[in-house]
Amino acid sequence: MSGITRRRAIGAAASAAAGIAVVGAARAAATAAEPGAEAHPGAAPDAFDEVYLGRRIQGAPSHGGGHHGAHGGHGAGYSVRIDGDELHIMRNADGTWISVINHYEPQATPRALARAAVVELQGATLVPLAPPASAPSSPSAV
């Protein structure tokens, strides 16, 4: 006879559901407590400029030209800088934000994303992304 009973399976499922609900509530409370948290996912995040763990982090809507302002989607018209260097960011469909530093750790706001990147960098300099260099072309024969 199997060691698991219907009662144990239902109890385990109920415990898992309760755990997920607690984690979701805690995450929602953390998002609401975050300075600059958005009123709703479609709202533009607030601008910020602060020193966090000795690093200057800045974020503001970006307008028009530039890599992020030109595309619909990636930075969603928002730019984040750490000590003056651009942090490549992307907004997810659920309204969370990720960066090249924290690609698998979505954050609720660009400010939280910049702070998480500073922690992850551990004092290292942010190296801006650059397009790959094209292979040198040989001069054409005339």
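**Exercise 1. Surroundings of a loop residue**

Which residues does Asn102 touch, not counting residues up to four places away in sequence?

*Solution.* The structure is a predicted model, and the first step is to place the residue, which lies in the loop between S6 and H3. The second step is to list its contacts: Asn102 touches Leu113, Ala116, Ala117 and Glu120. The third step is to classify Asn102 by its relative accessible area of 2%, which makes it buried, since buried means under 20%.

**Exercise 2. Length and burial of helix H3**

Compare the span of H3 with its expected value, and then decide how far the helix is enclosed by the rest of the structure.

*Solution.* Begin with the length: helix H3 covers residues 110–121, and its twelve residues, at 1.5 Å a residue, should span 16 Å. The end C-alpha atoms of H3 are 16 Å apart, so the model agrees with the expectation.

Next, consider burial, where nine of the twelve residues of H3 are buried, so the helix is largely enclosed by the rest of the structure. The buried residues include Pro110, Arg111, Leu113, Val118 and Leu121. Finally, ask what covers them: the covering elements include strands S1 (48–52), S2 (55–61) and S3 (78–82), together with S4 (85–87), S5 (89–91) and S6 (97–99).

**Exercise 3. The sheet and the helix that packs on it**

Work out the strand order of the open sheet, identify its edges, and describe how H3 is placed against it.

*Solution.* The open sheet is formed by four strands in the order S1-S2-S3-S4, with antiparallel pairing. S1 and S4 are the edge strands, as each of them pairs on one side only. From one strand to the next, the twist averages 25 degrees. Looking at one pair in detail, S3 and S4 run antiparallel and are joined by three bridges, and Val80 has Leu87 in S4 as its bridge partner. H3 packs on this sheet and touches S1, S2, S3 and S4, while its direction makes about 25 degrees with that of S1.

**Exercise 4. The nonpolar core**

Which element gives the most residues to the largest nonpolar core?

*Solution.* The largest nonpolar core has 14 residues, and those with the most contacts inside it are Ile57, Tyr78, Val80, Ile82, Leu87 and Ile89. The elements that give two or more residues to this core are S3 and H3. Of the elements, H3 gives the most, with five residues.

**Exercise 5. Positive phi outside glycine**

Locate Asp83 and Gln122, and determine for each whether it is buried, partly exposed or exposed.

*Solution.* Asp83 sits in the loop between S3 and S4, and its phi is positive, near 50 degrees, although the residue is not a glycine. With a relative accessible area of 39%, Asp83 is partly exposed. Gln122 is found in the segment after H3, and this residue, also not a glycine, has a positive phi of about 50 degrees. The relative accessibility of Gln122 is 72%, and the residue therefore counts as exposed, the cut-off being over 50%.

**Exercise 6. Where to read with care**

Find stretches of the chain where the pLDDT falls below 50, and say how their contacts should be treated.

*Solution.* The protein chain averages a pLDDT of 77, and 63% of the residues score at least 70. Over residues 35–39, however, the pLDDT is below 50, and this stretch has twelve contacts in the model beyond near neighbours in sequence. Residues 65–73 likewise stay under 50, with twelve contacts beyond four places in sequence. Where pLDDT is low, the predicted coordinates should not be read in detail.

Terms used:
Residues numbered from 1 in each chain as written. Predicted model: local features only at pLDDT ≥ 70, side-chain atom pairs only at ≥ 80, totals over all residues. Heavy atoms only, no water. Expected span 1.5 Å × (residues − 1). Buried < 20%, exposed > 50% of the residue type's maximum accessible area, 1.4 Å probe, protein only. Contact = heavy atoms within 4.5 Å. Pairing = 2+ DSSP bridges. Axes fitted to C-alpha atoms, helices over the stretch in contact; angles between N-to-C directions. pLDDT = per-residue confidence, 0-100. Core = buried A, V, L, I, M, F, W, Y, C linked by side-chain atoms within 4.5 Å.
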